[in-house]
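Student: I would like to learn how to read burial, strand pairing, helix packing and unusual backbone angles from a set of coordinates. Could we work through one case together?

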Amino acid sequence: MGSKVKKEKDLYPGMCRWLERHLTSRYGRQNCKIIVEDSHSVCLGDVLRKHKIEKFYPQIVGVPIEVDILGIVAWKNKAKLFFIEAKKTTLNLQNLGQLLVYCRLCNPEEAYLLSSHGLGSLNKVLNNMGREDILSYGQGKQIKMIKVAKWDVMRETIDQHSLVPKI
């Protein structure tokens, strides 16, 4: 089914539903607001302004970043961001580079690079060469890693067997 996805945006609704479930299971019992939306055609700063959380991420306002799927968990005094970049083709270093720059600028809590078609050339780099270090972002004690995986279109979830790094 992955190869039958005609447009990348066809992946967004299922990924939004998955991220909503993921965030609700992790943060749903806390006194917070969970927002998940398709933001592929809107600058990230505008989305943050719309939800009144730009004060927590002033470095983003005015920077032309467009994340495919954005998750926000917001409390009164802080917010956490969650990014998904979706691809309908196999993944490559360019796809990873784009998301890595976004992550280094914005420092989201989690970031995912997902493809309905598989890891492509990233498989060699991440699995065969063992270069998971190129997935790192964050600073100091808060080093985080982009999660890369094949997207299971039928089940609307990550294919855990393809996930790098393994968690």
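Tutor: Let us begin with a term: a residue is called buried when its relative accessible area is under 20%, and exposed when that area is over 50%. Please keep in mind throughout that this is a predicted model.

Student: With that cut-off in hand, how many residues of strand β4 are buried?

Tutor: Strand β4, which runs over residues 110-115, is mostly covered, since six of its six residues are buried.

Student: Which residues of β4 point one way, and which the other way?

Tutor: The general idea is that side chains in a regular strand alternate between the two faces of the sheet. In this structure E110, Y112 and L114 point one way from β4, while A111, L113 and S115 point the other way, and all are buried.

Student: Which strands pair with β4, and in which sense, parallel or antiparallel?

Tutor: Strand β3 (residues 79-87) runs parallel to β4 and is joined to it by six bridges, with E85 having L113 as its bridge partner in β4. Between these two strands the chain passes through helix α3 (residues 93-106), and the resulting β-α-β crossover is right-handed. Strand β7 (residues 147-152) also pairs with β4 in the parallel sense, here over four bridges, and S115 stands opposite K150 in β7.

Student: What is the order of the strands in the sheet as a whole?

Tutor: The sheet is open and has six strands in the order β1-β2-β3-β4-β7-β8, with mixed pairing. Its edge strands are β1 (33-38) and β8 (157-158), each of which pairs on one side only. An antiparallel example is given by strand β2 (residues 69-74) and β3, which pair over six bridges, with A74 standing opposite A79 in β3.

Student: Turning to the helix of that crossover, how does one check the length of α3?

Tutor: One compares the expected span with the distance between the end C-alpha atoms: at 1.5 Å a residue the 14 residues of α3 should span 20 Å, and the end C-alpha atoms are 20 Å apart, so the two agree.

Student: Which residues of α3 are buried, and which are exposed?

Tutor: The buried residues of α3 are N95, L96, L99, L100, Y102, C103 and C106. These buried residues lie on the same side of α3, because they cover an arc of only 160° around the axis. On the other side of α3, the exposed residues are L93, Q94 and R104. The buried residues of α3 pack against several elements, among them β3, β4 and α4 (121-128).

Student: What is found at the two ends of α3?

Tutor: At the N-terminal end N92 acts as a cap, with a side-chain oxygen 2.9 Å from the backbone nitrogen of Q94; α3 is followed by N107, whose phi is positive, near 50°. In the loop between α3 and β4 one finds P108, which counts as buried because its relative accessibility is 0%. Apart from neighbours within four places in sequence, P108 is in contact with L81, F82, F83, C103, Y137 and K144. The C-alpha atoms of P108 and K144 are separated by 8.9 Å, although these residues are 36 residues apart along the chain.

Student: What covers the buried residues of helix α1?

Tutor: The covering elements include β1, β2, β3, β4, β7 and β8, and among the buried residues of α1 are W18, L19 and L23. L19, in helix α1 (residues 12-27), counts as buried because its relative accessibility is 0%. Its contacts, leaving aside neighbours within four places in sequence, are V36, I69, L70, G71, F82 and I84. From L19 to I84 the C-alpha distance is 8.6 Å, across 65 residues in sequence.

Student: Finally, where are the unusual backbone angles?

Tutor: As background, most residues other than glycine have a negative phi, and most peptide bonds are trans. K52, in the loop between α2 and β2, has a positive phi near 60° and is exposed, with a relative accessible area of 65%. E156, in the loop between β7 and β8, has a positive phi of about 50° and counts as partly exposed at 21% relative accessibility. In the segment after β8 lies P165, which is joined to V164 by a cis peptide bond with omega about -10°.

Key
Residues are numbered from 1 along each chain as its sequence is written. This is a predicted model: local features need pLDDT of at least 70, side-chain atom pairs count only at pLDDT 80 or more; totals for chains, interfaces and linings use all residues. Side-chain values use heavy atoms; hydrogens and water are left out. Buried means under 20% relative accessible area, exposed over 50%, partly exposed in between (1.4 Å probe, protein chains only). Two strands pair if DSSP finds at least two bridges between them. A crossover is right-handed if, with the strands pointing away from the viewer, the path from the first strand over the helix to the second runs clockwise. Contact means heavy atoms within 4.5 Å. The expected span of a helix is 1.5 Å times one less than its number of residues. The arc is that of the directions from the helix axis to the C-beta atoms. A polar contact is a pair of N or O atoms within 3.5 Å; within protein, one must be able to donate a hydrogen and the other to accept it, and residues adjacent in sequence count only if both atoms are side-chain atoms.
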